[in-house]
Amino acid sequence: MNLNYPITYIKGISVQRATLLYTELGIKTCNDLLNFFPFRYIDKTAFYKINELQPNSSEVQIVGKITHVKSVAQKRGSRLVASFQDATGTIELVWFRGQKWIKDSLKINEPYVVYGKLNHYNGSFSMPHPEIELVTEYKKKLQTKMQPVYPSTEKLTNSGVSNKLVRTYIQNLLQQFYDKIEETLSNEIIDDFKMISKRDALLNAHFPKSQENLAKAQNRLKFEELFFIQLQLLRKKLINKTKIKGFVFENVGESFNSFYGNHLPFDLTNAQKRVLKEIRKDVASGAHMNRLLQGDVGSGKTIVALLSMLLAIDNGFQATIMAPTEILATQHFHAISEMLKDMNLKVDLLTGSVKIKKRREIHKNLEDGTLHILIGTHALLEDKVKFKNLGIAIIDEQHRFGVAQRSKLWKKNTTVPHILVMTATPIPRTLAMSVYGDLDISVIDELPPGRKEVKTVHRFDSNRLSVFKFMRDEIEKGRQVYVVYPLIQESETMDYKDLMDGYESISREFPTPKYQISIVHGKMKPADKEFEMQRFVKGETQIMVATTVIEVGVNVPNASVMVIESSERFGLSQLHQLRGRVGRGADQSYCILLSSFKLSAEGKTRLKTMVDTTDGFKIAEVDLKLRGPGNLMGTQQSGVLNLKIADVVKDTKILVAARNTAINVLQEDSNLSNPENINIKKAYLELSKTSKIWSNIS
């Protein structure tokens with residue numbers, strides 16, 4: 001019997017039910033159903049005394065007697081209230097529905113078992129709509145004491161697929177196929193971690209006899225799930241390193257040395273030097289480089305990227321940088337052209353708004369090799385863009401590109417160019433291991449010397465006037481100010497109105513001709529945006545009112561104040577990115593988070609985290625706890641971790657153990673061909689057929 005059979009093989013599941021389970025929950029095969037885990041359990045292992053009850057909203061089970069029943073009138077209709085007592089105290093059982101039927105069936109002074117969710121009010125407890133059963137009946141039943149509760153949908157409930165029914169299906173499945181469940185890990189791993197078998201783990205994940213059994217089952221299944229993800233990622237990395245040949249940049253030549261010796265605008269930090277060493281080692285090895293470079297906003301990733309490109313040029317190759325927006329691509333172009341202005345190298349920019357005549361010139365120079373570095377947006381991916389000899393491709397803010405887009409860059413040369421992926425969104429270590437486990441990771445974890453930490457404060461809207469005064473004082477000192485408004489796709493018109501209202505109130509506070517204000521938002525034409533940006537960059541305007549378009553991009557060292565309106569509407573990583581727009585010069589910079597008084601608990605945590613720390617990794621850890629991995633990775637990546645039972649945030653220890661185990665297994669047996677790994681290989685091949693992880697990770 002193969003567990004990949006459709007669920008109609010299970011006793012009691014009709015074709016209609018099977019279709020419903022597939023459309024609502026994605027359950028198609030017996031294996032899918034077996035790996036459809038409860039999200040909580042009703043614990044009926046313990047009986048509580050009334051005087052032991054705690055004022056939390058937990059579900060408890062009590063044995064006692066009903067001493068008294070009465071009907072109590074309320075605003076609409078009435079409620080039925082029964083006094084229920086044991087030797088230690090009394091609580092109330094309450095019913096709002098089915099009162100007549102319930103009242104007739106209750107027996108006074110007979111022992112009952114009641115089970116339900118506690119309410120605590122004014123020092124006393126009540127239990128609305130409890131499950132209630134005479135002790136004599138309770139004893140006749142053979143029951144599992146911990147009952148699983150499965151995720152469901154409205155449509156399932158309305159079609160009669162109750163939690164009880166799902167339980168029955170899984171029970172039937174386990175009874176029919178328990179003996180067919182195969183072990184997926186090696187005996188060595190099972191012994192090392194003192195794990196229970198795969199069969200017992202599945203049985204106890206669905207029908208645990210005790211909390212302890214449940215913990216063992218969950219541990220085993222979480223480990224296995226994370227282990228196979230790591231195995232796939234690490235094997236992919238291994239194949240990358242051994243099978244995919246990379247260009248060898250053996251010379252550190254004229255361009256690199258001349259730039260490093262004569263044109264570097266400042267000394268590199270130790271972190272930058274370390275990362276550069278890692279990259280040099282990669283590109284000289286003959287293997288293909290696939291590296292992720294993380295570093296906070298302003299930590300100097302661009303200069304590392306430039307030096308890597310110069311290595312390629314010294315070895316007769318071309319280089320390219322792809323950025324997600326025109327603004328960012330343009331900025332890279334200006335920065336790099338400026339740094340290379342005294343060197344005999346040709347740099348060009350290709351974006352959607354480049355005119356046809358200029359495009360033709362770029363295409364020609366690319367193909368004859370006279371163009372050394374091409375910087376651009378998605379426009380680089382067009383088939384018309386052909387390089388003579390592309391050696392390295394650098395992708396900036398990669399989470400904004402889909403996988404298909406990135407793989408097009410791979411095909412721009414007969415041998416795959418080296419890939420360096422850069423991001424200013426710090427990724428917590430656990431998530432980096434899970435989502436980018438196939439990349440080598442470098443981190444720039446120190447800021448260039450002379451940078452002062454940005455001071456961050458949180459103010460409520462009522463303090464707006466003092467914030468305006470602060471802005472005036474800073475402008476008097478010759479500084480510039482950003483004022484940013486949220487932009488949420490769904491409420492675009494409302495956001496646009498907020499932005500315009502804000503612009504008007506700031507224009508009143510900061511009248512012309514003394515003050516000049518720029519405005520930038522998504523509804524403007526690219527040329528108009530660029531014009532407004534440039535006015536701000538040149539210092540012709542003191543205030544830039546914008547939506548989050550400026551999140552990635554503009555570098556204005558003279559801008560030292562960032563005011564974020566409705567800051568509670570932003571995510572943590574977005575707030576952190578925005579704050580990185582100031583503090584680029586030598587002056588003390590400030591970030592002011594304005595919010596309304598109405599803050600959710602999560603909103604408070606976000607703003608407090610921003611005020612407390614400027615460390616991007618700490619911020620990312622909090623963000624991961626608040627939002628979970630799916631949201632953090634951006635839409636393109638969220639499908640990668642389609643986890644059934646493990647949780648990247650909570651199960652860090654298991655994840656690290658699973659990764660280390662996978663590394664050890666592959667070090668000793670890279671093709672999983674040793675007899676002791678037979679179970680692992682079988683499960684691995686089975687998973688690789690169906691797993692989405694290959695298509696998601698580039």
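**A parallel sheet and two packed helices**

User: How do you know that strand 14 and strand 15 pair in this predicted model?

Analyst: Strand 14 (residues 390-396) and strand 15 (residues 418-423) are joined in the parallel sense over 5 bridges, and since pairing requires at least two bridges between the strands, the two count as paired. One of the residues involved is I395, whose bridge partner in strand 15 is V421.

User: What makes strand 12 and strand 16 the edges of the sheet?

Analyst: The open sheet holds 7 strands in the order 12-13-11-14-15-10-16, with parallel pairing. Strand 12 (347-350) and strand 16 (440-444) each have a single partner strand, so one side of each is left without a neighbour in the sheet. From one strand to the next, the twist averages 20°.

User: Which strands does helix 13 touch?

Analyst: Helix 13 (residues 326-339) packs on the sheet against strand 11, strand 12, strand 13 and strand 14, and its direction makes about 170° with that of strand 12.

User: Why is helix 12 called oblique to helix 13?

Analyst: The two helices pack at an angle of about 60°, with their axes 11 Å apart. Roughly parallel would require an angle under 35 degrees, and roughly perpendicular begins at 65, so helix 12 is oblique to helix 13. Their crossing is right-handed.

User: Which residues make the contact between these helices, and how many are nonpolar, polar or charged?

Analyst: Helix 12 contributes T302, I303, L306 and M309, while helix 13 contributes H332, I336 and M339. By class, this contact has 5 nonpolar, 2 polar and no charged residues.

Key
Residues are numbered from 1 along each chain as its sequence is written. This is a predicted model: local features need pLDDT of at least 70, side-chain atom pairs count only at pLDDT 80 or more; totals for chains, interfaces and linings use all residues. Side-chain values use heavy atoms; hydrogens and water are left out. Helices (H or I, at least four residues) and strands (E, at least two) are DSSP runs, numbered from the N terminus. Axes are lines fitted to C-alpha atoms, for helices over the stretch in contact, and angles run from 0 to 180 degrees between N-to-C directions. Contact means heavy atoms within 4.5 Å. Angles under 35 degrees count as roughly parallel, over 145 as roughly antiparallel, 65 to 115 as roughly perpendicular and the rest as oblique. A crossing is left-handed if the near helix is turned anticlockwise from the far one by less than a right angle, and right-handed if clockwise. Ala, Val, Leu, Ile, Met, Phe, Trp, Tyr, Cys and Pro count as nonpolar, Asp, Glu, Lys and Arg as charged, and the others, Gly among them, as polar.
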